[in-house]
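Me: I'm a first-year student, and I'd like a close look at one part of this structure. Please choose a chain, go slowly, and explain each term as you use it.

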Amino acid sequence: MSTHAAPVGGPLVTTGTRLFAGIFGLGVIAIAWRLLLGLGSATALNDGYPFGLWIAFDVVTGAALACGGYAVGLLVYILNQGKYHPVMRPAMVTSALGYTLAGVGVGLDVGRWWSLWRVPLFFWRWNFNSALLEVALCIMAYIAVLWLRLAPALLEPYTSGPDSPWRRRAITFSRIIDKLSVPMIALGLVLATMHQSSLGTLMLLAGSRLHILWRTPMLPLMFLVSSISMGYAVVVFESAFSSVAFKRKPEIDMLAGLAGAMAPTLWVVVLLRVGDLAWRGQVGALFAGDGRAVMATLEIVFFLIPIVMLASPAQRRDLGNLVRAAMAMIFAGTLFRFDTFLVAFMPGANWSYFPSVPETAVTVGLVAFEVLAYVVIVKTFPILSGQTLAERQAL
Amino acid sequence: MGITRRAAICGLLTAGATATGITSTSAAVMPTPPADAVGLLYDTTLCIGCKACVVACQDANDLPRDPVGIDARYDAPVDLNYRAKNVIKLYHDGDQRSFVKVQCMHCIDPACVAACMLGALKKREFGIVSYDVNYCVGCRYCEVACPYGVPKFQWAAATPRIVKCELCNHRLAKGQEPACTEVCPRHAVIFGKRADLLKEAKRRLAENPGRYVPKIFGETDGGGTQVLYISHLPFDKLGFPALGDDPAPTLARSVQQGVYKGFVAPLALYGVLGMIAYRNRNKAEAEDAPHKGGTL
């Protein structure tokens, strides 16, 4: 079916891409600020809150939002739902871009970024007790797997071009990647399972300094399942975005199906969250009346909202409702991650943190770059499928 | 379809078990200190808060001064930071008060070491938690992990490092004792082998039971530390965390090790997912021509 995928075409320079390029430009200035003057100057990070916006959003939430490839991959390749195959390529593009930018986020966040190359290479120094090491290695490997799997699609304009020795090499390379698709699919799914759960292990090392509402060995499983929900939500959002931005017919059957697949994962998250609190005898902490209790309650409420919004088949076929539910889902997963990494962390009353202007500019700039890169890629390469130009013009 | 779906659900359950690690979470075993473990013993009843140790520490470790107050005229770090590896704090409990010396506790099973990706922070000679900048990427996970909030980061530097007490290991190598114990005029903080210091602490508690609360902080707290404290006020009034006896990294490590022991679970998951994906593809190719060949 992916053979039906075709470039969207059209001009790359539009009002929209100019706007996103401008926002990204501001981010580049903030990145230069951070690299030249250091973290203390560019960010509001401090010794009480050594992890801030970049870790909580760019890396941890960013990786979960980039789970579209993982979530749809599980459906297509494992649950054998071949009808979702057409959304596999766009989902993988958002995954590859999202993970790459999460990697950029790490590179900007670590103080000694120029020594980061040692992490994958100095294997004799690896500390396997460190969940962070595992996250780092898995994400690096996953970025490589995602781009390799996308390579045939990105090489397609070239491989279908005029004959040359390089063209033949590109064709051979694409064939090898296609031959290796099953081991690569399995590797990608394992890597995503590993690091999405380990992102939930990270804050458990804070031990007594992590609030009791979040201090549970179930945190990795809750991170894993909610990342799948977020993956579906992003695919729904991305597809709706494409249909509006490129004036395509929305793939409503597919999106309704994805919304149906999303609902059980949401239920699992809510039941795990509430069940875990009950099992640990901490339900009372939800009603303590303090800020953290309110935030934990909001988390649960926001995971319930998309369940209600997607309850009936009619609701799942209403595009506007689908997009709103997807946004609620994305917000719920984001809130869960911000809570775990920032709200639940208790370094002491004399510490506080709120992201600085350049810190925020970097985060917003990287998101703008992601949107920009997505638009450029789907206009240039055969990613989106289902409609020819003529069909779109007839719309 | 039926068999495949069943296999798929099995695969996802494996993934779930992989993620929780609850199947093999073992109870923590009390760690034993290294045979050559050295440490400090600090006695709140002897400290007069002169802060000679603070200045001696800055000198011995080539740390810049940390002036505070009006016109920054007062050289007194208010907390541990990248310019202060050792500070004296004052705590109140009702109308009673106590000074407390704060520096790295040199845990027997440290959370910062569990956090560190390439072992830049590691227990080296004498059980001292020491820092090797060559293996540090500046991720600051050690700062998140430490239950005492000890490791600090050079925020102002473009090439930052982690700063923490390394028990003057450069002085120990020359046969000297740590700067803080050397200058202490009242021997409120003393240096020695951990076993000897523990014995000394127990002796003081036994000889003056009314003078101290009946506890040696660090004997078992957080799995035990190489820096020990005895006090006339309860430790929870002196800024010490209530950690229990399990080592600080126990929860995170039991999850991590439970999941990744021998790397069996990820390999099993890979095998199961690979098999299902392979069967699904073959079936799709047999049933459905468009799936043939270059599928993503």
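Reply: Here is a walk through the strands, loops, charged pairs and cysteines of chain B.

A little housekeeping comes before the tour. This is a predicted model, in which local features need pLDDT of at least 70 and side-chain atom pairs count only at pLDDT 80 or more, while totals for chains, interfaces and linings use all residues. Residues are numbered from 1 along each chain as its sequence is written, chains are lettered from A and ligands numbered from 1 in the order in which they are written, and side-chain values use heavy atoms, with hydrogens and water left out.

Let's begin with the strands. Helices (H or I, at least four residues) and strands (E, at least two) are DSSP runs, numbered from the N terminus. Two strands count as paired if DSSP finds at least two bridges between them. Strands of a sheet pair through backbone hydrogen bonds, in either a parallel or an antiparallel way.

In chain B, strand β4 (residues 87-93) runs antiparallel to β5(B), and seven bridges link the two. You can pick out one matched position by finding B:L90, which stands opposite B:F99 in β5(B). Together β4(B) and β5(B) make a hairpin with two residues between the strands, and there B:G94 takes a positive phi near 65°. Strand β5 (residues 96-102) of chain B is also mostly covered, since five of its seven residues are buried. Here, buried means under 20% relative accessible area, exposed means over 50%, and partly exposed is what lies in between (1.4 Å probe, protein chains only).

Now move to a sheet in chain B. Three of its strands form an open sheet in the order β10-β1-β11, with mixed pairing. Its edge strands are β10 (189-193) and β11 (227-230) of chain B, each of which pairs on one side only. On average, neighbouring strands of this sheet are turned by 25° against each other, direction ignored. For such angles, axes are lines fitted to C-alpha atoms (for helices over the stretch in contact), and angles run from 0 to 180 degrees between N-to-C directions. Strand β1 (residues 38-43) of chain B pairs with β10(B) in the antiparallel sense over five bridges. In that pairing, B:G39 has B:G192 in β10(B) as its bridge partner.

The loops hold two backbone surprises. Most residues other than glycine have a negative phi, and most peptide bonds are trans. Yet B:K51, which is not a glycine, has a positive phi of about 65°. You will find B:K51 in the loop between β1 and α2 (52-60) of chain B, where its relative accessibility of 33% makes it partly exposed. The other case is B:F126, a residue other than glycine whose phi is positive and near 65°. B:F126 sits in the loop between β6 (121-123) and β7 (129-131) of chain B. At 26% relative accessibility, B:F126 counts as partly exposed.

Next come the charged pairs. A salt bridge is a side-chain nitrogen of Lys or Arg within 4 Å of a carboxyl oxygen of Asp or Glu, and a search of the whole structure finds 19 of them over all chains. In one, the side chains of B:R203 and B:E207 meet at 2.8 Å, N to O. Both B:R203 and B:E207 belong to helix α7 (residues 194-207) of chain B, and they are four residues apart, about one turn of the helix. B:R203 is partly exposed, with a relative accessible area of 38%.

Another salt bridge joins B:D221 and B:K215 at 2.9 Å, N to O. B:D221 is buried at 6% relative accessibility, whereas B:K215 is partly exposed at 31%. Elsewhere, salt bridges that share partners tie B:D43, B:E200, B:R203, B:R204 and B:E207 into one network.

Last stop: the cysteines. A disulfide is a covalent bond between the sulfur atoms of two cysteines. The rule used here asks for a pair of cysteine sulfur atoms within 2.5 Å, and by it the count comes to zero over all chains. B:C112 is in no disulfide, as the nearest cysteine sulfur, in B:C146, is 6.3 Å away. Seen from the other side, the closest cysteine sulfur to that of B:C146 is in B:C112, and 6.3 Å is too far for a bond. B:C112 is buried, with a relative accessible area of 8%, and B:C146 is buried at 9%.
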